[in-house]
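Subject: Structure for your review

Dear colleague,

Please find below the structure that I agreed to hand over. I would be grateful if you would read the notes that follow with the structure open beside them.

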Amino acid sequence: MAKLEMLFPRQEIDMAVKRLAEEISRDFRDKTPIVLGVLKGSFIFLADLVRRLEFPLEIDFITLSSYKNGVSSCGEVKMAGSFNRDIKGRHIIVVEDIVDTGLTLHYLLECLRSGSPASVKLCALLEKPSRRKKAVDIDYLGFTVPDSFIVGYGMDCAERYRNLPDISCLNQEDCP
Ligand code: PRP
């Protein structure tokens, strides 16, 4: 049985999501942004966040993946399919569950900027600064986390634990 150590209970996550929604609302109320979720990890965070954004917006998703074997990043980012939507002149808010090495977001933000959007901002629920390899500016941040393996609230270990409502640390030995 895997041992999970609670980091952020659901009530604390909810308060952070509310705060982030208030910050984003102040900046984007009159801009009809595209809220772009990075799958799969962001699906629960995005769903909670957008329900607190009470202004016109569009929602889209992109599927990126960097972790190939459970806990270790191979340093390569892959996009499933292509994102060929026209974003010229649009305001984009990228929504991500966690920024770890920064490779995924560095790659995505470069791709998006090449499409000449009006602006690109990043909203990340978690960041793990101790493992950063590529500099990434996070405009709206929930929490900073230690260098542990994080699961729950959309985040997985070998595709498990995404459904847990709280955010927890998992022993690496417990990850298949
Ligand atoms: C996780 C997470 C981020 C990325 C961050 O995704 O959702 O997208 O890793 O790591 P990085 O900063 O080291 O690039 P993952 O590749 O595990 O796919 P998933 O979202 O489908 O779980």
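Which oxygen-bearing partner lies 3.1 Å from a polar side-chain atom of Asp 156? The partner is the ligand, through one of its oxygen atoms. Please keep in mind throughout that this is a predicted model.

**The ligand and its surroundings**

Asp 156 is joined by two further residues that place polar atoms beside ligand oxygen. Arg 162 does so with its side chain, a polar atom of which is 3.0 Å from an oxygen atom of the ligand. Gly 41 instead uses its backbone, where a polar atom lies 2.9 Å from a ligand oxygen. On its own the ligand would expose 490 Å², and the protein buries 95% of that area.

The shell around the ligand consists of 18 residues, and the closest are Ser 66, Glu 96, Asp 97, Thr 101 and Thr 104. Sorted by class, the shell holds six nonpolar, six polar and six charged residues. Three elements each contribute at least two residues to this shell: β3 (58-69), β5 (91-99) and α3 (103-113).

**Strand β5**

One of those elements, β5, deserves a closer look. Is β5 largely enclosed or largely open? It is largely enclosed by the rest of the structure, because nine of its nine residues are buried; a residue counts as buried when its relative accessible area is under 20%.

Strand β5 also has pairing partners. It runs parallel to strand β2 (residues 34-39), with four bridges between the two, and in this pairing Val 35 stands opposite Ile 93 of β5. With strand β6 (residues 119-127), β5 again pairs in the parallel sense, here over eight bridges. In that pairing, His 91 is set opposite Ser 119 of β6.

**Ser 25 in helix α1**

The last point concerns a single residue. Ser 25 belongs to helix α1, which covers residues 10-28. Why does Ser 25 count as buried? Its relative accessibility is 8%, and the limit for a buried residue is under 20%.

The side chain of Ser 25 has a polar atom 2.6 Å from the backbone oxygen of Ala 21. Leaving aside residues up to four places away in sequence, Ser 25 touches Arg 52, Leu 53 and Phe 55.

I suggest locating the ligand before turning to the strand and the helix.

Yours sincerely,
A colleague

Conventions
Residues are numbered from 1 along each chain as its sequence is written. This is a predicted model: local features need pLDDT of at least 70, side-chain atom pairs count only at pLDDT 80 or more; totals for chains, interfaces and linings use all residues. Side-chain values use heavy atoms; hydrogens and water are left out. Buried means under 20% relative accessible area, exposed over 50%, partly exposed in between (1.4 Å probe, protein chains only). A polar contact is a pair of N or O atoms within 3.5 Å; within protein, one must be able to donate a hydrogen and the other to accept it, and residues adjacent in sequence count only if both atoms are side-chain atoms. Contact means heavy atoms within 4.5 Å. A residue is near a molecule or strand if one of its heavy atoms lies within 4 Å of it. Accessible areas come from the Shrake-Rupley method with a 1.4 Å probe; for residues, only the protein chains shown count as cover. Ala, Val, Leu, Ile, Met, Phe, Trp, Tyr, Cys and Pro count as nonpolar, Asp, Glu, Lys and Arg as charged, and the others, Gly among them, as polar. Two strands pair if DSSP finds at least two bridges between them.
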